Amino acid sequence: MRRMPAQTAMIFSLIAALACVVLAVWLGLNHTFWALLPAALAVWFAVDTWRAWGWTKNKE
């Protein structure tokens, strides 16, 4: 099974992180408790973006 290219993983992780940040801010305005889950996911995806960026740098 082939792996997804590192650049593609980086782009998808960045989009997911941004979507989670928007959702966390929106939920934070109304329901502070429920904003914790998308905020945690945003951090997770941001770290994944950073790791994927490192993979693309190592390939060059």
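## Close-up views of a two-helix chain

**View 1. The whole chain and its surface.** The accessible surface of the protein chain amounts to about 5100 Å², and 72% of that belongs to carbon and sulfur atoms; accessible areas come from the Shrake-Rupley method with a 1.4 Å probe, and for residues only the protein chains shown count as cover. This is a predicted model, in which local features need pLDDT of at least 70 and side-chain atom pairs count only at pLDDT 80 or more, while totals for chains, interfaces and linings use all residues. Residues are numbered from 1 along each chain as its sequence is written, and side-chain values use heavy atoms, with hydrogens and water left out.

**View 2. The fold in outline.** The protein chain holds two helices and zero strands (DSSP runs numbered from the N terminus, helices being H or I of at least four residues and strands E of at least two). Its radius of gyration is 14 Å, well over the 10 Å that the globule rule gives for 60 residues, so the chain is more spread out than a compact globule. Here the radius is taken over C-alpha atoms, and the rule is 2.2 Å times the number of residues to the power 0.38. Along the principal axes, the C-alpha atoms fill a box of roughly 45 × 20 × 10 Å. Of the 60 residues, 23% count as buried (under 20% relative accessible area; exposed is over 50% and partly exposed lies in between, with a 1.4 Å probe and protein chains only). Among contacts (heavy atoms within 4.5 Å) between residues at least 6 apart in sequence, 57% join residues at least 24 apart.

**View 3. Ala17 and its partners.** Ala17 belongs to helix α1 and is buried, its relative accessible area being 7%. Apart from neighbours within four places in sequence, Ala17 is in contact with Ala42, Phe45 and Ala46. Of these partners, Ala46 lies in helix α2 and counts as partly exposed at 39% relative accessibility. The C-alpha atoms of Ala46 and Cys20 are separated by 10.0 Å, with their positions 26 residues apart along the chain. Ala17 and Leu29 are twelve residues apart in sequence, and their C-alpha atoms are 18 Å apart in space.

**View 4. Thr49 in helix α2.** Thr49 counts as buried, at 12% relative accessibility. Its side chain reaches the backbone oxygen of Phe45 at 2.8 Å, a polar contact (a pair of N or O atoms within 3.5 Å; within protein, one must be able to donate a hydrogen and the other to accept it, and residues adjacent in sequence count only if both atoms are side-chain atoms). Beyond neighbours within four places in sequence, Thr49 is in contact with Met10, Ser13 and Leu14.

**View 5. The salt bridge of Arg51 and Asp48.** The structure holds one salt bridge (a side-chain nitrogen of Lys or Arg within 4 Å of a carboxyl oxygen of Asp or Glu). In the pair Arg51 and Asp48, the closest N and O atoms are 3.9 Å apart. Both residues lie in helix α2 (residues 36-59), three residues apart, which is about one turn of the helix. Arg51 is partly exposed, with a relative accessible area of 45%.

**View 6. A nonpolar patch on the surface.** Met4, Ile11, Phe12 and Ile15 form this patch, with about 430 Å² of accessible area together. Patches are made of residues with over 30% relative accessible area and no salt bridge; like charges are joined within 9 Å, and nonpolar side chains (Val, Leu, Ile, Met, Phe, Trp, Tyr) within 5 Å. Phe12 is placed in helix α1 (residues 6-30) and counts as exposed, at 51% relative accessibility.
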